[in-house]
Amino acid sequence: MDYLGMLQQLLKGSGITIIVFCATYVMALPLGMLVTLGVRCRFKPLKAVLNFYIYIMRGTPLMLQIFTIFYGLPFLPVVGPYLTLTSRMAAALIAFTLNYAAYFAEIFRGGLLAVDKGQYEAAKVLGLNRTQTMFRIIFPQMFRVALPSLANETITLVKDTSLVFVIGMGDLLEAAKNIANAQATILPYFFCMIFYLILTTVPAIIFKKLEKKYSFQ
Amino acid sequence: MKMVQIKDMKKSFDVEVLKGITLDVHQGDVLAVIGSSGSGKSTMLRCLIDLEKVDSGTVIIEGDPLVQDGVYVSQGEIQKLILKMGMVFQHFNLFPHLTVRQNLELAPKLVKQQDPKTIRENAQKYLSKVGMLSKADVFPASLSGGQKQRVAIARALMMNPDIMLFDEPTSALDPELTGEVLETIRQLAEENMTMIVVTHEMGFAREVANRVVFMDGGVILEEGTPDEVFGNPKCDRTREFLTTVLK
């Protein structure tokens with residue numbers, strides 16, 4: 001059996017996995033933060049739209065969302081032709097970012113709710129303005145509360161990247177499947193598992209470190 | 001000089017909690033506000049520093065109105081008036097993600113934009129004043145309640161306020177820790193700081209305050225020197241309250 005070839009294919013597949021993961025993460029985190037702030041703002045229509053967006057993203061399967069964005073959007077009346085994505089990667093990233101931003105938004109919202117009202121009051125009587133209060137007082141505390149859930153979601157994202165198979169992107173799992181089919185062995189799946197374990201261990205370690213750093217003891 | 005003037009201040013949440021408060025606080029006054037829970041003491045204090053908005057009435061801080069007949073001045077003016085006062089909360093409200101020193105230095109840096117050297121010196125000064133210099137670099141989580149409250153007092157003093165507001169500063173503390181906090185407040189009183197102290201510590205009110213206000217059901221029922229209010233209360237309700245709490 002060609003172990004080296006197998007390993008090379010898996011490595012190539014994990015490249016796609018890593019790209020989808022990193023790009024989604026970089027885009028979904030800030031977007032999620034913006035959504036959280038939007039949901040808390042006083043402008044009712046924005047709040048309603050964002051809550052609806054979260055409702056859709058959480059209430060439907062991510063696999064279906066990826067599928068719909070790549071294959072479904074072009075069929076929309078009028079705007080359809082402008083929404084035709086030729087790049088599978090682009091479609092995947094849009095789907096993942098929109099989906100994960102919704103989850104991140106809810107995690108951040110929980111973090112914000114956990115910050116005591118007294119913190120806002122203390123900041124106010126010390127003369128801090130809104131921006132200073134949020135960035136210097138509230139967000140660091142929100143972040144600390146959000147960390148364990150963020151870690152969870154991050155690890156889930158690593159594994160969820162395997163859903164890109166629905167638009168045939170050739171990620172890690174896809175690579176394993178191809179080798180398995182070609183060589184009639186389930187060995188690649190075991191290797192694949194080890195690859196995923198390694199990929200999820202990295203964020204797990206980073207988040208443990210972050211939690212320690214932000215324990216404020 | 002009148003530091004705080006309150007005229008016919010009213011405030012409702014679901015029910016009316018302040019039913020027309022009129023009160024003057026002079027320079028150097030140490031005013032103790034006593035009364036049972038729900039009498040409106042804390043709400044009154046919070047209205048002075050804009051943590052609650054009054055429904056009607058007037059609040060004047062050092063001659064400048066915060067709210068005149070129910071109409072608030074501009075946000076900029078409010079901000080200036082807030083900075084004339086320091087506030088100490090029942091639950092300390094220290095910033096848990098900052099060390100003791102950072103808690104003190106944040107507002108002078110961001111709001112007053114003082115130079116780092118002055119800020120550092122002031123932090124040393126106020127931390128040693130409240131006896132917390134040795135804990136300057138720890139996080140609030142590792143402090144006792146009394147220590148937290150002393151840090152909170154130092155943090156408020158960093159902004160160099162003319163008036164200090166204390167909202168039940170010892171109510172969340174274990175009984176054996178109230179002493180150190182009250183001692184710090186007593187020290188401030190000796191330095192002629194103008195203070196309004198909402199408190200359940202009758203002994204403290206009696207010894208340290210030069211004026212005592214008894215609030216009940218959203219009104220000021222009695223006002224006078226500690227000897228007058230504690231020694232010879234005019235209202236039956238005051239007498240009843242004092243008998244209960246001093247028992």
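This tour moves through the structure stop by stop, naming what to select and what is found there.

The structure is a predicted model, in which local features need pLDDT of at least 70 and side-chain atom pairs count only at pLDDT 80 or more, while totals for chains, interfaces and linings use all residues. Residues are numbered from 1 along each chain as its sequence is written, chains are lettered from A and ligands numbered from 1 in the order in which they are written, and side-chain values use heavy atoms, with hydrogens and water left out.

**Stop 1: the antiparallel sheet of chain B**

Select the strands S2, S1, S4, S5 and S6 of chain B, which in that order form an open sheet of five strands with antiparallel pairing. Helices (H or I, at least four residues) and strands (E, at least two) are DSSP runs, numbered from the N terminus. Two strands pair if DSSP finds at least two bridges between them. In general, the strands of a sheet pair through backbone hydrogen bonds, either parallel or antiparallel.

Colour strand S1 (residues 2-12) of chain B together with S2(B); eight bridges join them in the antiparallel sense. Within this pair, Gln5(B) stands opposite Asp24(B) of S2(B).

Next, add helix H1 (residues 41-48) of chain B, which packs on the sheet and touches S1, S2, strand S4 (56-61) and strand S5 (64-68) of chain B. The direction of H1(B) makes about 120 degrees with that of S1(B). Contact means heavy atoms within 4.5 Å. Axes are lines fitted to C-alpha atoms, for helices over the stretch in contact, and angles run from 0 to 180 degrees between N-to-C directions. Then select helix H2 (residues 75-82) of chain B, which lies across S4, S5 and S6 of chain B and runs at about 120 degrees to S5(B).

**Stop 2: the mixed sheet of chain B**

Select S7, S8, S9, S3, S10 and S11 of chain B; in this order the six strands form an open sheet with mixed pairing. Which strands stand at the edges? They are strand S7 (85-88) and strand S11 (219-224) of chain B, each with a single partner strand, so one side of each is left without a neighbour in the sheet. The twist averages 15 degrees from one strand to the next.

Now isolate strand S9 (residues 194-198) of chain B, where five of the five residues are buried. Buried means under 20% relative accessible area, exposed over 50%, and partly exposed in between (1.4 Å probe, protein chains only). Both faces of S9(B) are covered, with Thr194(B), Ile196(B) and Val198(B) on one side and Met195(B) and Val197(B) on the other.

S9(B) runs parallel to strand S3 (residues 30-34) of chain B, joined by four bridges, and Leu31(B) stands opposite Ile196(B). S9(B) also pairs in the parallel sense with strand S8 (residues 163-167) of chain B, over five bridges; here Met164(B) stands opposite Met195(B). Add helix H6 (residues 175-190) of chain B, which lies across S3, S8 and S9 of chain B at about 150 degrees to S9(B).

**Stop 3: a charge over a ring**

Select Lys53(B) and Tyr72(B): Lys53(B) lies over the face of Tyr72(B), 4.2 Å from the ring centre. A charge sits over a ring if NZ of Lys or CZ of Arg is within 6 Å of the ring centre and within 35 degrees of the ring normal. Then select Arg155(B), whose charged end sits over the ring of Phe95(B), 4.5 Å from its centre.

**Stop 4: helix H3 of chain A**

Move to helix H3 (residues 62-72) of chain A, whose buried residues are Leu62(A), Gln65(A), Ile66(A), Ile69(A) and Phe70(A). They cover an arc of only 115 degrees around the axis, which puts them on the same side of H3(A). The arc is that of the directions from the helix axis to the C-beta atoms. These buried residues pack against helix H2 (44-59), helix H4 (88-114) and helix H6 (130-160) of chain A.

Centre the view on Ile66(A), which has a relative accessible area of 0%. Beyond its neighbours within four places in sequence, Ile66(A) is in contact with residues including Ala92(A), Phe96(A) and Leu163(A).

**Stop 5: aromatic rings of chain A**

Finally, select Phe96(A) and Tyr100(A), which lie four residues apart in helix H4 of chain A, about one turn of the helix. Phe96(A) is buried at 0% relative accessible area, and Tyr100(A) is buried at 1%. Ring pairs link Phe21(A), Tyr25(A), Phe96(A), Tyr100(A), Tyr103(A) and Phe104(A) into a cluster. Rings of Phe, Tyr and Trp (its six-membered ring) pair if their centres lie within 6.5 Å; planes under 30 degrees apart count as stacked, over 60 as edge-to-face and the rest as tilted.
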